Amino acid sequence: MSNNTLTITDNRTGRQYEIPVENDTIRAMDLRQIKVADDDFGLMTYDPAFMNTASCKSTITYIDGDLGVLEYRGYPIEQLAERSSYLEVAYLLLHGELPNEQQLADWKRHITYHTFINENIKKVLDGFHYNAHPMGMFEAMVAALSTFYPEAKNIEDEACRRKQIHRLIAKVPTIAAFAYRHRVGVQYAYPDNDLSYEGNFLNMMFKTTELKYEPDPVLERALSVLFILHADHEQNCSTNAMRSIGSAHTDPYSALAGASAALYGPLHGGANEAVLRMLNEIGSIDHVPEYVKRVKAGEFRLMGFGHRVYKNYDPRARIIKQIAYEVFEVTGKDPLLDLALELERIALEDEYFVKRKLYPNVDFYSGIIYRAMRFPVDMFPVLFAIPRTSGWLAQWVELLNDADQKIARPRQIYLGHRTRDYVPMEKRGEGKDVGADPEQVAQDSRGQASA
Ligand code: CMC
């Protein structure tokens, strides 16, 4: 008997099965042969939220959550943050290797070439209300791109795929900055292709009347580091959404819009926005102990703390904490930093957090830096989505090239009623009203009246 197997005894039947173990994993489909009767469906696994299920094999990002290790294509995040640039990292994620000089120059040229968006996309943006959340606009605009590039549905064509990748990485900062400008009601600033990827983004965000915007090199570099840290994080909620939608052979714009929607949630990429709101709510250092007490009582979570995979300090949070000081040299110190440091200190000494291995994650300090750089709070999830675009696309390409993959389609354990006869209305009795909520109806009609 091979050592790389798992022997399972089914106590219902007394039968034994030998299941191959590969990469410390068994294939769930190998359990299907385990049956009580020949016409049984076979054994399944139940794993809500994918707590212990690998949905793919990947060579992109490695995480050791216990040791706090993060690597892209084998390169430690610390080295990439110190020595690389975001576009170089995006190339690495998508191609598997660091580019040589010529490859990097070509890559930058391709991306720079696609930074402009079709003028008609601006009309889509103009349709949004002045106070629309920029992440909602971002999602919608990315989805709208698919209507401008219908050829993108040729996902089997490698050259076509590559072009959409260039377009997406190039256009997401433009969409993000335009969404911001729509929100604040100022004229759009067009891309300046003489600037770096990050410098151009700052230009599109903050240029006013100057003829040429000159980004501060410290802020430009800080943004590059933040983009590197956010570029990929293996099979998280939004990447899983990207892969799941992509598995239906949807075009990459529509898939990426779906991934952005997943990122928007406060438990995921929306957490940086939630952290800032939380720090503002706490207000001062004296209120920290009381706030922590309420977290422990289960009233709410400490945003920016905890992670499904990291049970140690998130290595990204450590790097962000360092660059905060460099940014504050330029922008002046944000008073919320002291509050965040005190919150971290108290939480890390507290048994509740120690026992549950809850440490600051990437979102705990990023918002403070973004705020110091003058990004409004509701832009934070968008700032996460811009660099994550390269990670999502790398994962999407890997999915399409993986012969093991098919359309994603989980099973369920059905526990509801089985076949029963339709009940006529007069025989149904008093049930719970699952119709319209009167409060909501009132609210909607108020909204309509003022629209
Ligand atoms: N504050 C207080 N308690 C927490 C927190 C928190 N932030 N996170 C987890 N816990 C507790 C939780 O109540 C549970 O306690 P108990 O065992 O007594 O029920 C225990 O820790 C385990 O929590 P869990 O919900 O099973 O953990 P999870 O792996 O499902 O959730 C998480 C991971 C990130 C959703 C969660 O830690 C959380 O909600 N954090 C706050 C939101 C946040 O900062 N999200 C950003 C994640 S990093 C950026 C990204 O990759 O998106």
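In the predicted model, Leu-226 is located in helix α8. The residue is buried, its relative accessible area being 0%; this value falls in the buried class because that class covers anything under 20%. Beyond the residues up to four places away in sequence, Leu-226 touches Ile-320, Ile-323, Ser-366, Ile-369 and Tyr-370. One of these partners, Ser-366, is separated from Leu-226 by 140 residues in sequence, yet the two C-alpha atoms lie 7.7 Å apart in space.

A second buried position is Phe-353, with a relative accessibility of 2%. Phe-353 belongs to helix α15, which spans residues 351-355. When residues up to four places away in sequence are set aside, the contacts of Phe-353 are with Val-292, Val-295, Lys-296, Leu-302, Phe-305, Ala-347 and Leu-358. Of these, Leu-302 stands 51 residues from Phe-353 in sequence, with a C-alpha to C-alpha distance of 9.9 Å.

The fold as a whole was then examined. The secondary structure of the protein consists of 18 helices and five strands. The radius of gyration is 25 Å, close to the 22 Å given by the globule rule for 451 residues, so the protein is as compact as a globular protein of that length. Along the principal axes, the C-alpha atoms fill a box of roughly 80 × 60 × 55 Å. Of the 451 residues, 46% are buried. Contacts between residues at least 6 apart in sequence were also considered, and 70% of them join residues at least 24 apart. The accessible surface amounts to about 24200 Å², and carbon and sulfur atoms account for 51% of that area.

Charged side chains were considered next. The protein carries 51 positive and 62 negative side chains, and a distance of 4 Å separates the centres of the two sets. Side chains of opposite charge can pair when their charged atoms come close. In this model, the count of salt bridges is 21.

Among these salt bridges is the pair formed by Asp-378 and Arg-183, whose closest N and O atoms are 2.3 Å apart. Asp-378 is placed in the loop between α16 (362-372) and α17 (380-400), whereas Arg-183 is part of helix α6 (residues 158-184), so the salt bridge ties together parts that are 195 residues apart in sequence. The two partners are assigned to separate accessibility classes: Asp-378 is buried at 9% relative accessibility, and Arg-183 is partly exposed at 27%.

A salt bridge also joins Lys-212 and Asp-194, with 3.2 Å between the closest N and O atoms. Lys-212 is found in the loop between α7 (197-206) and α8 (217-230), and Asp-194 in the loop between α6 and α7, so this pair ties together parts that are 18 residues apart in sequence. The relative accessible area of Lys-212 is 39%, and the residue is therefore partly exposed. Asp-194, at 66% relative accessibility, counts as exposed.

The side chains of Asp-334 and Arg-371 likewise form a salt bridge, at 2.8 Å from N to O. Here the loop between α13 (315-331) and α14 (336-349) contributes Asp-334 and helix α16 contributes Arg-371, so parts that are 37 residues apart in sequence are tied together. Asp-334 is buried, with 6% relative accessibility, while Arg-371 is partly exposed, with a relative accessible area of 30%. In addition, Arg-27, Lys-57 and Asp-404 are joined into one network by salt bridges that share partners.

Finally, the backbone was examined at two loop positions. Most residues other than glycine have a negative phi. Asn-23, although not a glycine, has a positive phi of about 55°. The residue lies in the loop between β2 (15-20) and β3 (61-64), and Asn-23 counts as exposed at 60% relative accessibility. Ala-49, also a residue other than glycine, has a positive phi near 65°. Ala-49 is placed in the loop between β2 and β3 and counts as exposed, with a relative accessibility of 51%. That value places Ala-49 in the exposed class because the cut-off for exposure is over 50%.

Terms used
Residues are numbered from 1 along each chain as its sequence is written. Side-chain values use heavy atoms; hydrogens and water are left out. A salt bridge is a side-chain nitrogen of Lys or Arg within 4 Å of a carboxyl oxygen of Asp or Glu. Helices (H or I, at least four residues) and strands (E, at least two) are DSSP runs, numbered from the N terminus. Buried means under 20% relative accessible area, exposed over 50%, partly exposed in between (1.4 Å probe, protein chains only). The radius of gyration is taken over C-alpha atoms; the globule rule is 2.2 Å times the number of residues to the power 0.38. Contact means heavy atoms within 4.5 Å. Accessible areas come from the Shrake-Rupley method with a 1.4 Å probe; for residues, only the protein chains shown count as cover. Lys and Arg count as positive and Asp and Glu as negative; His and the chain ends are not counted. The place of a charge is taken as NZ of Lys, CZ of Arg, CG of Asp or CD of Glu.
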